[in-house]
Amino acid sequence: ILLLAVAGRSPLYVIKAGIAEARILAARRPIPEVILDSTTDARTRGMLVLALEARAFADEELGLDVGNSYTSFTRLKSDTLALILSGARRDRLEAKTWWFPIVGHVPYKGFFEEDDARKAQRELEQEGWDSYLRPTAAFSTLGWFADPLLSTLLRQDDVDLVETILHELSHNHLFVSGRVVFNESFAMFVGRAGAARFFCTRPGGGPDTVKCGRAQARWRDEVRFSRFLDGLMEELRAMYGRSDLSSEEKVRLREEVFEASLIR
């Protein structure tokens with residue numbers, strides 16, 4: 001902990017995150033044990049069975065290095081696992097980044113306590129950054145620990161549960177330090193395309209089933225939205241790159257770009 005604290009330049013943050021992760025790991029129960037527990041409700045039991053099937057699919061069909069992840073289950077006291085803070089310059093396409101051991105520079109920072117997240121968000125905005133704070137239901141320790149399936153994931157439907165499991169397991173399989181765009185693009189592809197393949201080829205599934213169609217539709221939506229964002233970023237990049245505009249003018253003009261994008 002001391003080594004990580006010094007290397008990460010955020011001792012208290014790293015220690016708090018370590019304590020939260022230790023609590024999650026300490027509360028793990030083997031998934032088969034939870035499935036067979038008579039107090040487990042039918043929906044939870046069904047989702048846990050599906051999670052094991054998705055894990056086996058990732059291992060046997062996709063060839064991912066799944067390790068011991070998603071063989072256990074942790075029930076959290078909250079309906080939110082953590083809050084993720086992101087920041088960006090107001091007048092250019094530049095993300096705020098934080099440096100941590102192993103993962104390198106990343107454009108987000110996770111918090112297990114809402115008060116800590118809100119404080120960090122205020123500090124970021126006081127420094128002149130735009131900020132975005134959102135909840136997350138899962139994360140990957142990149143294979144360093146046997147990540148459990150968390151109760152926060154069971155709020156999703158079947159398709160999103162499988163997509164999330166495949167997404168996070170892809171991080172276990174391949175993660176390039178400091179290359180967040182590549183890592184997330186890879187994981188998103190594996191998750192969405194893999195979920196479509198899972199539901200469209202698994203026993204009891206098939207191309208004519210509702211879940212297959214739903215998984216394929218969500219992957220198509222992901223691609224369409226990505227193309228939309230590519231176009232929006234090109235517009236912003238061109239506007240931000242203008243040397244005849246002040247910072248204040250760029251902030252004003254970006255709002256016009258945002259407004260126009262909403263009615264396309």
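Contacts along the chain came up first in my notes: of the contacts in the protein (heavy atoms within 4.5 Å) between residues at least 6 apart in sequence, 69% join residues at least 24 apart. I have to keep in mind that this is a predicted model, where local features need pLDDT of at least 70, side-chain atom pairs count only at pLDDT 80 or more, and totals for chains, interfaces and linings use all residues. Residues are numbered from 1 along each chain as its sequence is written, and side-chain values use heavy atoms, with hydrogens and water left out.

**Overall**

I looked up the secondary structure and got nine helices and eight strands; these are DSSP runs numbered from the N terminus, H or I of at least four residues for helices and E of at least two for strands. The C-alpha atoms fill a box of roughly 65 × 50 × 30 Å along the principal axes. Of the 264 residues, 39% are buried (under 20% relative accessible area; exposed is over 50%, partly exposed in between; 1.4 Å probe, protein chains only). I noted an accessible surface of about 15000 Å², 55% of it on carbon and sulfur atoms (Shrake-Rupley method, 1.4 Å probe).

**Helix 4 on helix 6**

I then took helix 4 (residues 42-60) against helix 6 (residues 158-173): the angle is about 40° and the axes are 10 Å apart. Axes here are lines fitted to C-alpha atoms over the stretch in contact, with angles from 0 to 180 degrees between N-to-C directions. That makes the pair oblique, as under 35 degrees is roughly parallel, over 145 roughly antiparallel, 65 to 115 roughly perpendicular and the rest oblique. The crossing is right-handed (near helix turned clockwise from the far one by less than a right angle; anticlockwise would be left-handed). On the helix 4 side I listed M47, L50, A51, A54, R55, F57 and A58, which meet D158, L161, V162, I165, L166 and L169 of helix 6. By class, that contact has eleven nonpolar, no polar and two charged residues.

**Helix 6 on helix 7**

Next I checked helix 6 with helix 7 (residues 180-201), which pack at about 135° with axes 8 Å apart. This pair is oblique too, and the crossing is right-handed. Helix 6 residues in the contact include V162, L166 and H171, and helix 7 residues include F186, R192 and F199. I wrote down ten nonpolar, six polar and five charged residues for it.

**R220**

Last, I looked up R220, which sits in helix 8 (residues 210-240). Its relative accessible area is 41%, so R220 is partly exposed. R220 and A193 are 27 residues apart in sequence and 9.3 Å apart in space, C-alpha to C-alpha.

Terms used:
Ala, Val, Leu, Ile, Met, Phe, Trp, Tyr, Cys and Pro count as nonpolar, Asp, Glu, Lys and Arg as charged, and the others, Gly among them, as polar.
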